[in-house]
Amino acid sequence: MKTRGAVIREAPGKWEILEIDMEEPRQGEVQLKMVASGLCHSDDHMTTGDLPPGILPMAGGHEGSGIVTKIGPNTPGWEVGDHVVLSFLPGCGRCRWCASGMQNLCDLGANVLTGCRSDGSFRMSIDGKPIGQGAGISTFCEDTVVDVASCVKVDKDIPLEKACLVGCGVGTGWGSVVNAAEARPGQTVIIMGIGGIGINAVQGASHVGATHVIAVDPVEFKRETALSLGATHAFATMDEAAEFARSVTNGQGADSAVVTVGVLKTEHVAQAFSAIRKAGTVVVTGIGAVTEEVRVPAFELTLYQKRVQGLEPQPGHPVDAAALPERAAAPRRADHDDVQARGHQPGLRRHARRQEHPRGHCVLSRYRSRLNERSGRLSTHSTSRRAPSGRFESV
Ligand SMILES: NC(=O)c1ccc[n+]([C@@H]2O[C@H](COP(=O)([O-])OP(=O)(O)OC[C@H]3O[C@@H](n4cnc5c(N)ncnc54)[C@H](O)[C@@H]3O)[C@@H](O)[C@H]2O)c1
Ligand SMILES: [Zn+2]
Ligand SMILES: [Zn+2]
């Protein structure tokens with residue numbers, strides 16, 4: 001069948017809305033009519049070339065929700081009409097990582113950037129030439145074909161345009177604080193960068209009962225939003241945030257600092273590293289150029305027993321949306337033309353779009369009429385277990 005989607009043909013490049021040929025689902029796959037898709041900074045990294053797609057062209061998007069329209073042969077457990085939140089990290093349930101509760105590190109993740117199936121095959125093409133699917137799910141398309149390992153079935157009364165956000169932003173931000181930093185009641189937590197990821201980290205810190213939830217962002221609107229969603233303090237710079245953290249911890253520093261800036265540089269991690277206390281944790285969630293390396297003082301790493309923790313989000317991280325303020329789950333809407341017009345101008349998007357709402361969000365508005373607008377509990381069916389990713393830690 002034919003569908004339409006936002007495709008990148010070169011990197012650096014821009015998103016273009018193109019017609020795509022899509023194959024029928026094979027065994028272990030389903031076809032979806034997309035309802036909503038988020039626009040994450042990681043999509044921007046594809047267009048700037050920071051995170052080069054493994055194959056070009058690539059149909060983008062890695063945070064989305066939709067409704068099952070077709071099921072591959074011999075694929076039990078699925079029905080046409082099932083509601084699905086897509087996970088940009090598949091979980092096979094069988095590999096070492098999945099079997100150890102670390103499905104966020106599933107071996108199937110090896111194809112996230114290549115956008116092909118584990119056997120190297122593709123399901124989408126343009127003019128007879130195979131194209132990749134972003135994270136294997138290509139949520140910027142009106143229809144998609146995905147491996148069921150990327151699907152989390154959700155209740156039909158959950159509004160899909162909100163549930164979409166657990167596909168990346170909520171699980172990543174929330175998990176950065178709750179799972180990776182292991183924040184505890186009474187602690188002091190710094191969140192550096194209040195975009196779609198950071199605002200969910202703020203809510204995670206607030207949810208666990210951190211006494212000081214310190215948001216850092218140079219953009220005033222982001223600081224105001226953070227304060228309205230659980231931050232207790234907000235600063236424009238890390239210097240101010242670190243000084244404040246020390247002032248409320250007898251000079252010791254923050255228990256943890258979560259780095260969720262849009263384009264990660266080593267100096268961001270160094271700033272976070274110097275802001276935490278002895279045996280504190282820096283969580284590195286932001287992504288920069290693939291060549292970017294992280295440097296921290298070895299002396300402090302060892303003698304102060306500090307920890308630097310990477311974060312890959314947990315697929316289908318369950319979230320009780322009753323705990324999330326409505327505004328956090330009410331993304332600004334855009335359509336395909338908006339993605340095409342603005343998606344390739346990161347500055348414009350970040351300032352024109354993301355200042356308006358902390359979560360830049362693209363909804364394929366054609367399907368909005370199908371949505372159940374009722375708000376309420378937002379949860380996914382998969383279980384969540386703590387899953388530390390790359391970590392270097394002194395003992
Ligand atoms: N680990 C993962 O699996 C994962 C998943 C999703 C996103 N990410 C990454 O997380 C990062 C954040 O994504 P997003 O969609 O929230 O981005 P975003 O662009 O919406 O937000 C980034 C925020 O950082 C702020 N910022 C920039 N420089 C700063 C600085 N020096 N100090 C404080 N704030 C600063 C910006 O003003 C902006 O508000 C990106 O690098 C993205 O690629 C990682
Ligand atoms: Zn993302
Ligand atoms: Zn697996």
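Started with helix H7 (residues 238–247): Met238, Ala241, Ala242 and Ala245 are buried there. I call a residue buried with 20 or more other C-beta atoms within 10 Å of its own, exposed with 12 or fewer, and partly exposed in between, C-beta atoms being placed from the backbone. The four sit on the same side of H7 because they cover an arc of only 95° around the axis, taken from the directions from the helix axis to the C-beta atoms. On the face turned away from that buried side I found exposed Glu243 and Ser247.

Note to self: this is a predicted model, where local features need pLDDT of at least 70 and side-chain atom pairs 80 or more, while totals for chains, interfaces and linings use all residues. Residues are numbered from 1 along each chain as written, with chains lettered from A and ligands numbered from 1 in written order.

Next I checked what H7 packs against: its buried residues meet strands E11, E12, E13 and E14 and helix H8. Contact is C-beta atoms, placed from the backbone, within 7 Å; helices (H or I, at least four residues) and strands (E, at least two) are DSSP runs numbered from the N terminus.

Then ligand 1. I looked up its 31 surrounding residues, and His41, Gly193, Gly195, Ile197 and Gly262 come nearest; near is a C-beta atom, placed from the backbone, within 6 Å. Helices H1 (41–48) and H5 (196–208) are the elements giving two or more residues to this shell. Domain 1 and domain 2 each supply at least three shell residues, the bounds coming from an automatic or database domain assignment.

Notes. Contact = placed C-beta atoms within 7 Å.
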